[in-house]
Amino acid sequence: MRDVLVSEHVIEAGYNLCGIGACLSLIKRNIAGKILIMLKNLEYRGYDSAGIAVITPENTLDLRKGVGKIDDLKNKLHFDQMVGFVGIGHTRWATHGGVTEENAHPHTDCDGRIVVVHNGIIENYLEIRKELETRGHKFRSDTDTEIVPHLIEEFIKRGNDFYEAFKNAVKKLKGAYALAVVSTYEPNKILFARVFSPLVIGLGTDEYYIASDIPAFLEWTNKVIILEDGDIGYVSQGGVLIENVFLNRRVHRDVTTIPWTKEMAKKGGFPHFMLKEIFEQPQSVSRTILMARKQIDRFLDYLEKAEEVYIVAAGTSYYASLHGQYAFAKYGLRSRAVVASEFIEEVGGFIGNKDLVIGVSQSGETADTLLALRYAKKKGAKVVAITNVIGSAITRISDYSIIMGAGPEIGVAATKTFTAQVAVLNYALIKWAEMHGYDMDDVKRVFLNNIGEKISNVLEKANSLAKKLSEWMVPKSNAYYLGRGLGLPIALEGALKMKEIAYIHAEGYPAGESKHGPIALIEKDFPVISIVLNDHLQEKMLIAIEEMKSRGAYIISVCEEGMKKIQEKSDFIFEIPSGFSNILAPLVYIIPLQLLAYYTAVKRGCDPDKPRNLAKSVTVE
Ligand code: M6R
């Protein structure tokens, strides 16, 4: 198995949008309905077509697939009438070949005995396809995936058994992929392989599940094996067999009990996951703080010993990291937040073995962040991860990992994982500052005792205001989000939320910089959202607001109650209770901005859970 082919840039896998859901019953129970539920649970990843294949009790293949939403396909193809004890399902997001029934997964070999679902991109599929065609294989789709069942078929014809043939087929693939395969040759097995595309195994009662993501099967089990890159194997009556193609030997993978419940992965009465996740923040932040208590000491040890501290992340996680940098700086702890994709060029030359690099990633699978961390490790730096996903790739390359307690975040836009990241960084800072003689009692009192209640209060007040303001935002094409100091990362994150789900061009900017160019765009009723903390920068924020207002901008301020001067200059106000103009600010100030983006998106007819062109984990460089 040594010669598995992996491209130089192994993470050129495409977005992980497709979803895999497979199930094997050990007691001959029909699993078709469960595969359908798994696909529904994976809908949040986005898809344009879907399909299910089961091996029937008569050992034939029943395969149904088509273009469109799962519910429509269910009515048309009657997925619920399928019968089988083993099967695979897939939600496809087209990469190779158009959105057609033929290109939808699962795909089969010539004889319709081997059936495959796949997530990722097989880079060398064209050359393999040509070779197989010269050997007489007939292809029905334009996908890269279809070479896999044909390759397996080819090796079976040459005398391999089903699993051997699969291993030999995988050896020929170049790129990144997660695969699940069943066959009438051995109908009591699901074969799987993971190379740089996530895949997990769920251990149920008399059942195995294989899926792209844990929420797919969370309603039946929270006992999970998280496969690692290069893992290949199968589930069967005999248990789980896993080998690793890079190590070229059999491997053991722990069974992890995930502390998530099935309710956590459901909408729970909310119209969208995003809104549910925004409203979960009182609990998710409190839970994260509780979990951080048990994990923080080793992190402090690394912080203490580090010569330089870098915080590396992408997107929302970067803004949480930037908050970390600003907050740490207030207490004399020097750090630098760096956008992961710029890390090597920006600071790579300075990294050494006395440094600490903190990787922040909710998914733990972001290619840019992983590459930056691998680079830092190579240079001898210590690496600590802050992530929401136990067993994710980031935890495997880090010296130490802190797992947040945000629970599964299904909406593509990060909300509760942002506040959880801020909570972990704040907790580390509070402990570090105390160790260095700072009095943190006031901050601690709120943070440790009643942060959940405070977030709830803000949610309650801001919800109806955000709904109202969103009506006004709907026709807008642009917005500025301005902040200074600890208010800046909040402004940047608020703008990202508006941009990614409501598709309004929103720019986060340091308020002081806004007069150096951005102000040129201001005209009547241009939305300017100002994040004003009750600190020494308040007067300066007031100046920026006046500059904007005098040119016609419509000022929306998120500020503390009682900030009279700011409120007088504002056209719309979101009030935050006092006591938050410090490192805790993002935990409450971000709430109105998340809600505003959400309601604006919905009123503009956008689906906030599945914004166009975006994926929950971005595994491309
Ligand atoms: O999983 P990560 O936290 O590493 O993801 C980083 C970004 O891709 C992510 O934050 C992205 O910006 C989200 N769409 C933000 O809502």
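**Group meeting: a sheet and a cavity**

In this model, 8 strands form an open sheet, and the pairing is antiparallel. Reading across, the order is E3-E2-E4-E1-E10-E9-E11-E15. Please keep in mind that the model is predicted.

Look at the two ends of that order. Strand E3, residues 61-67, and strand E15, residues 256-257, stand at the edges. Each has a single partner strand, so one side of each is left without a neighbour in the sheet. Helix H2, residues 70-77, packs on the sheet and touches E3, strand E2 (49-55) and strand E4 (86-92). The direction of H2 makes about 130 degrees with that of E3.

As a reminder, strands of a sheet pair through backbone hydrogen bonds, either parallel or antiparallel. Take one pair here: E1, residues 19-25, and E10, residues 207-211, run antiparallel and are joined by 5 bridges. If you want a place to look, find Gly21, which stands opposite Ala211 in E10.

Now the cavities. The count comes to 5 cavities of 30 Å³ or more. The largest cavity has a volume of about 330 Å³. It is lined by 24 residues, and the closest to its centre are Ser212, Asp213, Ser363, Glu365 and Val389.

What is the lining of the largest cavity made of, by class? There are 11 nonpolar, 7 polar and 6 charged residues.

And where does the largest cavity lie with respect to domain 1 and domain 2? Domain 1 covers 3-258 and domain 2 covers 265-449. Both give residues to the lining, so the cavity lies between them.

Technical notes:
Residues numbered from 1 in each chain as written. Predicted model: local features only at pLDDT ≥ 70, side-chain atom pairs only at ≥ 80, totals over all residues. Heavy atoms only, no water. Pairing = 2+ DSSP bridges. Helix = DSSP H or I, 4+ residues; strand = E, 2+ residues; numbered from the N terminus. Contact = heavy atoms within 4.5 Å. Axes fitted to C-alpha atoms, helices over the stretch in contact; angles between N-to-C directions. 1 Å grid on protein atoms, 1.4 Å probe; cavity = no way out; pocket = protein on both sides within 12 Å on 5 of 7 lines; lining within 4 Å. Points joined across faces, edges and corners; volume = space filled by probe spheres on them. Nonpolar A, V, L, I, M, F, W, Y, C, P; charged D, E, K, R; others polar. Domains from an automatic or database assignment.
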